[in-house]
Amino acid sequence: MKNYFFNILFLLGFFVFPTHAAEKSKAPGNATLYIISPIDGESVSSPVKIVFGLKGMGVAPAGIKFNNTGHHHLLIDVAELPDVNSPIPSDDNHRHFGKGQTEAVIELEPGEHSLQLMLGDHMHIPHDPVVVSKKIKINVKGKEMPPQEETKCISNGYGGCK
Ligand SMILES: [Cu+2]
């Protein structure tokens, strides 16, 4: 009788989780992903240098399968995390650092932007559990006008300048 129940659970498991779903790369529970720079709320000028921080795991280039490693993905102005069971999309808002980079210099329009890091495995798929940083907000300053040279007026005696 006991076996019967186990069989049912087993079959249900296959029903809920399709058998073709590949085993996800595991992440240690103490893995911590964070943005070292800029800091939350900072005002910066574009281009912005972003420094990635990772503890408890290592960085490996995309395509290299090695336990407890992954590569960085920078999510720019992304409201909701991408699907954690699929490769992270690759576009202007989801930047991959597949060479194993740990910092980046990016151009951002003036105004408020959100930044968040997400680790992906050799296939760009988030780990289990998902390794993601806190989302920070930064303010990108507008382009500053070059300071205008003060023109000195030396009277020409007719109400104008020489
Ligand atoms: Cu990737």
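## Fold, core and backbone features of a predicted model

Among contacts in the protein between residues at least 6 apart in sequence, 65% join residues at least 24 apart, two residues being in contact if their C-beta atoms, placed from the backbone, lie within 7 Å. This is a predicted model, in which local features need pLDDT of at least 70 and side-chain atom pairs count only at pLDDT 80 or more, while totals for chains, interfaces and linings use all residues. Residues are numbered from 1 along each chain as its sequence is written.

The mean pLDDT (the predictor's confidence in each residue, from 0 to 100) is 88 for the protein, and 83% of its residues reach 70 or more. Over residues 8-16, however, pLDDT stays under 50, and for these the model has one contact beyond four places in sequence.

**Elements and sheet**

The protein has one helix and nine strands, in the sequence pattern α-β-β-β-β-β-β-β-β-β; helices (H or I, at least four residues) and strands (E, at least two) are DSSP runs, numbered from the N terminus. Two strands pair if DSSP finds at least two bridges between them, and three strands form an open sheet in the order 1-3-7 with antiparallel pairing. Strand 1 and strand 7 (103-106) stand at its edges, each with a single partner strand, so one side of each is left without a neighbour in the sheet. Within this sheet, neighbouring strands are turned by 25° against each other on average, direction ignored. Five bridges join strand 1 to strand 3, and Ile35 stands opposite Phe52 in strand 3.

**Strand 5 and the core**

Buried residues make up 17% of the 162 residues in the protein; a residue is buried if 20 or more other C-beta atoms lie within 10 Å of its own, exposed if 12 or fewer, and partly exposed in between. Seven of the eight residues of strand 5 are buried, so this strand is largely enclosed by the rest of the structure. Its pairings with strands 4, 6 and 8 are set out below.

| Partner of strand 5 | Sense | Bridges | Opposed residues |
|---|---|---|---|
| Strand 4 (residues 58-59) | parallel | two bridges | Val59 and Gly70 |
| Strand 6 (residues 94-97) | antiparallel | four bridges | Leu75 and His94 |
| Strand 8 | antiparallel | six bridges | Leu75 and Gln116 |

The largest nonpolar core (a set of buried Ala, Val, Leu, Ile, Met, Phe, Trp, Tyr and Cys residues joined through C-beta atoms within 7 Å) has 16 residues, of which Leu33 and Leu117 touch the most other members. Strand 1 (32-37), strand 3 (48-55), strand 5 (69-76) and strand 8 (111-120) are the elements that give two or more residues to this core, and strand 8 gives the most, with four residues. Not counting residues up to four places away in sequence, Leu117 touches several residues, including Leu33, Ile35, Phe52 and Leu74.

**Backbone features in the loops**

Most residues other than glycine have a negative phi, and most peptide bonds are trans. The peptide bond from Ser37 to Pro38 is cis, with omega near 0°, and Pro38 lies in the loop between strand 1 and strand 2 (43-44). Another cis peptide bond, with omega about 0°, joins Ser46 and Pro47, Pro47 being in the loop between strand 2 and strand 3.

Asp77, in the loop between strand 5 and strand 6, has a positive phi of about 55° although it is not a glycine, and Asp77 is partly exposed, with 15 other C-beta atoms within 10 Å. His124, in the loop between strand 8 and strand 9 (136-140), has a positive phi of about 70°, and His124 counts as buried, with 21 C-beta neighbours inside 10 Å.

How values were computed. Axes are lines fitted to C-alpha atoms, for helices over the stretch in contact, and angles run from 0 to 180 degrees between N-to-C directions.
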